[in-house]
Amino acid sequence: MEDDTSSINVSGLQFAYDGQPSLFYDFNLHISPGSRCLLVGANGSGKTTLLKILAGKNMVGGRDVVRVLNCSAFHDTHLVCSGDLSYLGGSWSKTVGSAGEVPLQGDFSAEHMIFGVEGADPVRREKLIQLLDIDLEWRMHKVSDGQRRRVQICMGLLHPFKVLLLDEVTVDLDVVARMDLLDFFKEECEQRGATIVYATHIFDGLETWATDLAYIQDGELKRTDKLSELPELQKSSNLLSVVESWLRSETKIDKKRPITQAQIQKTSPFDTSPFRSSRHMAYYR
Ligand SMILES: Nc1ncnc2c1ncn2[C@@H]1O[C@H](COP(=O)(O)OP(=O)(O)OP(=O)(O)O)[C@@H](O)[C@H]1O
């Protein structure tokens, strides 16, 4: 059901890649302002696809299906152009307002990239350059992955976002950069009421950072929890082992599923999709 007070409202989302069975079917998700929500799930469960849909990169249904800040993520392009909605993904490019996708691997300086983002507040820009320890003289085609990532993150944060979607962007960062960045994100949520959805497989330090967690299996939302109320976490206080146990039990259930003769006939030796969920099994019947 639509909830006007949420930053993110997904109601009855259906989505399939061309020629594929539905990845999302009647998918619903509501995230409150100020949340730092971890998006967890196995490889291929749909995290990146969901983040891209939330970022307005795919048209899915009508204007009411995927709402961000009470606007349609796909139709209301001002969300991205204004910087209110920012998406930082795995590829080496950054969507910068109306300039569209900006590549981050050419022979440009870090300064050229960062100062090329229009309308940035100089104080915020300086803070981010310091925080991410960026040398403005770096040439983008000669930097390490972690250094290139810092510039990408800096550009993505220059405008004070209201909703930030992060797809495993801290993976190249060293421990200090990652922890400083997580602190900065926390501050942004607590001081400005910004909302962050963060898909990751790295759980170090996230027990006390995240406020919420959404767990996806094969495009289905298996659970959403307030981290402070997660019963398993109260027992072990280790998010990694909690998520590990969920993912391991997922595999066990799948392995126990019987394989029908029809599936064997319709499946190539390299296609494991019928093993993944009962919904996908139905597709192959
Ligand atoms: N462009 C595409 N065309 C067809 N199928 C795709 C495409 N991108 C992803 N998929 C499929 O959609 C499903 C979900 O992929 P997605 O990348 O969203 O998963 P994920 O949870 O982000 O995985 P990971 O943890 O590995 O990043 C997978 O089965 C994947 O094979």
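**A walk from strand 10 outwards**

Start by selecting Val163 and Thr195: the first stands opposite the second, which belongs to strand 10. Before moving on, note that this is a predicted model, where local features need pLDDT of at least 70 and side-chain atom pairs count only at pLDDT 80 or more, while totals for chains, interfaces and linings use all residues. Residue numbers run from 1 along each chain as its sequence is written. Helices (H or I, at least four residues) and strands (E, at least two) are DSSP runs, numbered from the N terminus.

**Strand 10 and its partners**

Now select residues 195–199, which make up strand 10. Five of the five are buried, so the rest of the structure largely encloses this strand. Buried here means that 20 or more other C-beta atoms lie within 10 Å of the residue's own; exposed means 12 or fewer, and partly exposed is in between, with C-beta atoms placed from the backbone. Turn the strand over and both faces are covered: Thr195, Val197 and Ala199 sit on one side, Ile196 and Tyr198 on the other. In a regular strand, side chains alternate between the two faces of the sheet.

Add residues 163–167, strand 9, which runs parallel to strand 10 over five bridges. (Two strands pair if DSSP finds at least two bridges between them.) Bring in helix 6, residues 175–192, and you have a right-handed β-α-β unit of strand 9, helix 6 and strand 10. Right-handed means that, with the strands pointing away from you, the path from the first strand over the helix to the second runs clockwise.

Next, strand 3, residues 36–40: four bridges join this strand to strand 10, also in parallel. Cys37 is the residue opposite Val197.

**Across to strand 11**

Strand 3 also pairs with strand 11, parallel and over four bridges. Pick Leu39 and look across to Ala214, its bridge partner in strand 11. Show all of strand 11, residues 212–217: six of its six residues are buried. Asp212, Ala214 and Ile216 point one way, and Leu213, Tyr215 and Gln217 the other.

Ala214 has a further bridge partner, Thr224, in strand 12. Strand 12 covers residues 220–226 and pairs with strand 11 in the antiparallel sense over six bridges. In the hairpin that these two strands form, with two residues between them, check Asp218: its phi is positive, near 45°.

**The other sheet stop**

Look for the open, antiparallel sheet of four strands in the order 2-1-4-5. Strand 2 (24–31) and strand 5 (71–72) are at the edges with a single partner strand each, so one side of each has no neighbour in the sheet. Strand 4, residues 66–68, meets strand 5 over two bridges, and Val68 stands opposite Cys71.

**Helices and ligand**

Select helix 5, residues 145–157: 11 of its 13 residues are buried, so the rest of the structure largely encloses this helix. Among them are Arg148, Arg149 and Arg150.

For contrast, try Ser245 in helix 8, residues 239–256. Ser245 counts as exposed because it has 12 C-beta neighbours inside 10 Å. Its C-alpha atom is 9.9 Å from that of Glu232, 13 residues apart along the chain.

Finish at the ligand. Which residues surround it? They are Tyr17, Gln20, Leu23, Gly41, Asn43, Gly44, Ser45, Gly46, Lys47, Thr48 and Thr49, counted when the C-beta atom, placed from the backbone, lies within 6 Å.
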